[in-house]
Amino acid sequence: MKLVELIPKNVLRHKTRTLLTLLGISIGIATILALGAVADGLKESFGGMIASGEADFIVTQAGASDMIVSSVDEERVADLERVDGIGSAHGAAFAVTRYEDNPYFFVLGLTREAAEAGGFSLVEGRQSAAANEALVGKLAAEATGKRPGDSIDLFGESFEIVGQFETGEQMQDSAVVLQTRTLQRLNDTDGNLTMIFIDAEDDADIEELTARIDKDFEGELVTIKNAAEMGRVDQGAEILDAASWMISALAILIGGIGVMNTMIVSVFDRTREIGVLKAVGWRRRTVMTMILGEAVLIGLAAIVVGSGLAMLVLVPLSNVDVVKSFLMPAYSVGLWVRAAVVAILVAVVGGMYPAWHAANLSPVEALRYE
Amino acid sequence: MAIIEAYDLMKHYDDGAIKALDGVDLSIEEGEFVAIIGPSGSGKSTLLHMLGALDSPTSGRILIDGVDLAAERDLAGFRRRTVGFVFQLHNLIPTLTAEENVEIPLVESRLKRLERRSRAKELLSRVGLGKRLDNLPTKLSGGERQRVAIARALVNGPRILIADEPTGAVDSENSVRIMELLKEINRSTGMTLLVVTHDPEVAERADRIIRMLDGHVVEREAAA
């Protein structure tokens with residue numbers, strides 16, 4: 001019999017008690033994972049615009065609460081092209097409309113050059129050449145059943161689909177692309193764009209360039225180099241991110257109290273037994289390790305159960321059509337590490353006092369305990 | 001030579017309002033079987049706890065094998081090496097088998113798994129439970145559980161075995177068996193045996209009886 005064999009046996013002694021504590025922590029862990037994956041997924045769905053194309057970064061409206069409502073004067077495209085270090089700039093407009101039963105159907109307004117800079121490569125058909133022509137993304141084609149040669153009704157007008165593209169990014173591939181002017185007219189946003197794709201000159205220092213643009217257009221424009229920077233404009237992801245952190249803190253607090261409660265009851269139940277362990281020569285450190293080990297084992301189990309619970313929520317969610325178009329939960333290593341750290345912290349925070357109490361029990365008083 | 005020596009032991013509670021031990025001197029020879037008797041509250045269990053390094057006296061000195069307990073920094077280690085305890089209630093861990101319970105004190109040791117097993121098996125055979133190794137405490141009778149507890153007390157090879165009312169929770173038949181077992185261990189190994197008891201029949205088996213009253217030793221007699 002070694003300590004590592006004794007710890008799981010002790011944890012399984014009161015199965016219901018252990019299970020309820022485990023469930024409590026697991027729900028916290030699941031929430032952290034689910035919110036975190038959704039927040040990261042949101043950032044990536046827009047961030048993918050940069051990843052998929054030739055653009056080095058994008059420029060959007062500074063202070064916009066969400067990418068969807070970003071509004072940039074299209075004259076800035078020409079202004080930016082004059083900036084030292086920028087090779088080309090292409091504007092893109094973005095709109096959301098109802099399509100049949102999907103209230104969040106994405107429509108992008110792109111010039112041909114912007115489509116290239118954005119990585120919208122055609123897999124079928126041709127580029128649009130007229131105001132009443134449209135391109136359909138791979139996922140949008142699947143969702144609507146519309147293919148090149150079909151027509152599609154958007155904003156109350158009919159468009160002929162002439163080509164299909166694929167970028168490999170969730171959000172773009174769920175969209176229909178119209179000409180920029182057409183979308184601006186339909187969406188009442190004449191003269192305004194949502195974002196500008198920037199292709200820097202080959203020898204440009206991107207860090208320096210983006211810093212310079214941020215400074216020169218301060219208050220009006222903001223640059224975004226990658227998904228992680230999406231928070232500079234996308235408050236939705238930012239809020240989810242903050243919520244995920246706050247829930248982590250709450251999980252530590254609430255889970256910690258739950259673990260502490262369970263472990264205190266467990267230690268009190270076993271007071272006489274702990275007295276015997278001390279009488280037969282167990283050191284304080286060994287008693288402490290045993291109790292903390294029991295708490296940590298529950299924490300480790302919570303990582304597994306919490307991950308399972310998170311998947312139970314996320315997998316069906318990412319299969320809902322409406323959600324599918326703009327969100328694919330992103331499971332980063334960092335997120336799992338965070339959840340695991342929280343689970344272990346919860347266990348240690350909750351197990352510390354009971355373990356200390358058990359380790360410092362006087363053997364005589366412990367043996368007398370009824 | 002004396003393995004246990006105590007000089008003017010005092011144990012006071014509540015700032016001296018309760019004097020559990022009030023000046024106890026005694027000396028116990030290595031290999032001796034000593035019974036400590038006396039009414040409830042006479043201080044016999046308190047004395048046993050002091051001698052077993054489970055608790056420290058308010059004043060006075062205890063020498064175990066020449067080592068002053070007041071100067072011993074690692075009391076847990078001292079207990080592990082020197083003393084084995086048997087209590088009135090067996091306090092076995094309910095989810096562990098008899099064999100695993102006997103191995104519990106070895107958690108602190110660096111012995112290999114096989115060595116732990118063989119020690120536990122050997123001791124359980126010695127207390128007559130060689131065929132009950134894999135039984136959980138719930139499958140054992142009260143007397144059998146107490147015998148597992150005795151095997152547990154012996155697993156670290158102590159020089160002193162301390163038993164606090166070892167027969168207090170078993171019937172008279174089992175009581176006799178347990179005392180015979182303890183006495184046999186004392187005889188065959190030369191392990192010093194200290195037993196606190198209410199039961200005159202138990203005390204009669206000892207080499208010597210120490211009678212306590214109100215925190216004092218009132219009588220030392222050689223058993224019949």
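**Chains A and B, questioned**

Tutor: Let's begin with chain B: among its contacts with a separation of 6 or more, 70% are accounted for by residues 24 or more positions apart. Please keep in mind that this is a predicted model.

Student: What counts as a contact in chain B here?

Tutor: The C-beta atoms of the two residues, placed from the backbone, have to lie within 7 Å. For chain A, the matching share of pairs at least 24 apart, among contacts between residues at least 6 apart in sequence, is 82%.

Student: What does a compact globule of 224 residues lead you to expect for the radius of gyration, and what does chain B have?

Tutor: The rule gives a value near 17 Å for 224 residues, and chain B has 17 Å, so the two agree. The C-alpha trace of chain B spans about 45 × 40 × 35 Å along its principal axes. Its secondary structure consists of seven helices and ten strands.

Student: And how does chain A, with 370 residues, stand against that rule?

Tutor: For a compact globule of 370 residues the radius of gyration would be near 21 Å, but chain A has 28 Å. The principal axes of its C-alpha trace span about 90 × 45 × 30 Å. Chain A is divided into domain 1 (3-44 + 237-368) and domain 2 (57-224), and the C-alpha centres of these domains of chain A lie 45 Å apart. In all of this, chain A has 14 helices and twelve strands.

Student: Why is Leu114(B) put in its class, buried or exposed?

Tutor: Leu114(B) has 8 other C-beta atoms within 10 Å. The cut-off for exposed is 12 or fewer, so Leu114(B) is exposed. Leu114(B) sits in helix 4 (residues 113-126) of chain B. Its C-alpha atom is separated by 20 Å from that of Pro158(B), 44 residues apart along the chain.

Student: What share of each chain is buried?

Tutor: A buried residue needs 20 or more other C-beta atoms within 10 Å. Such residues make up 47% of the 224 in chain B and 49% of the 370 in chain A.

Student: How do you know that strand 1 and strand 2 of chain B pair?

Tutor: Pairing takes at least two bridges. Strand 1 (residues 2-13) and strand 2 (residues 18-29) of chain B are joined by nine, so they pair, and they run antiparallel. His12(B) stands opposite Lys19(B) in strand 2 of chain B. The two strands form a hairpin with four residues between them, and Asp14(B) in the turn has a positive phi of about 50 degrees.

Student: What makes up the side of chain A that touches chain B?

Tutor: The contact takes 19 residues from chain A and 22 residues from chain B. On the chain A side, helix 1 (3-11), helix 10 (271-279) and helix 14 (363-368) each supply at least two residues. Helix 10 of chain A gives the largest share, six residues. By class, this side has ten nonpolar, two polar and seven charged residues.

Student: How confident is the predictor in the complex and in chain B?

Tutor: The complex gets an ipTM of 0.91 and a pTM of 0.78 from the predictor. The mean pLDDT of chain B is 91, and 98% of its residues reach 70 or more. Among the elements of chain B, helix 3 (residues 98-103) has the highest mean, 96, and strand 10 (residues 216-222) the lowest, 77.

How values were computed:
Residues are numbered from 1 along each chain as its sequence is written. Chains are lettered from A and ligands numbered from 1 in the order in which they are written. This is a predicted model: local features need pLDDT of at least 70, side-chain atom pairs count only at pLDDT 80 or more; totals for chains, interfaces and linings use all residues. Ala, Val, Leu, Ile, Met, Phe, Trp, Tyr, Cys and Pro count as nonpolar, Asp, Glu, Lys and Arg as charged, and the others, Gly among them, as polar. Domain bounds come from an automatic or database domain assignment. The radius of gyration is taken over C-alpha atoms; the globule rule is 2.2 Å times the number of residues to the power 0.38. pLDDT is the predictor's confidence in each residue, from 0 to 100.
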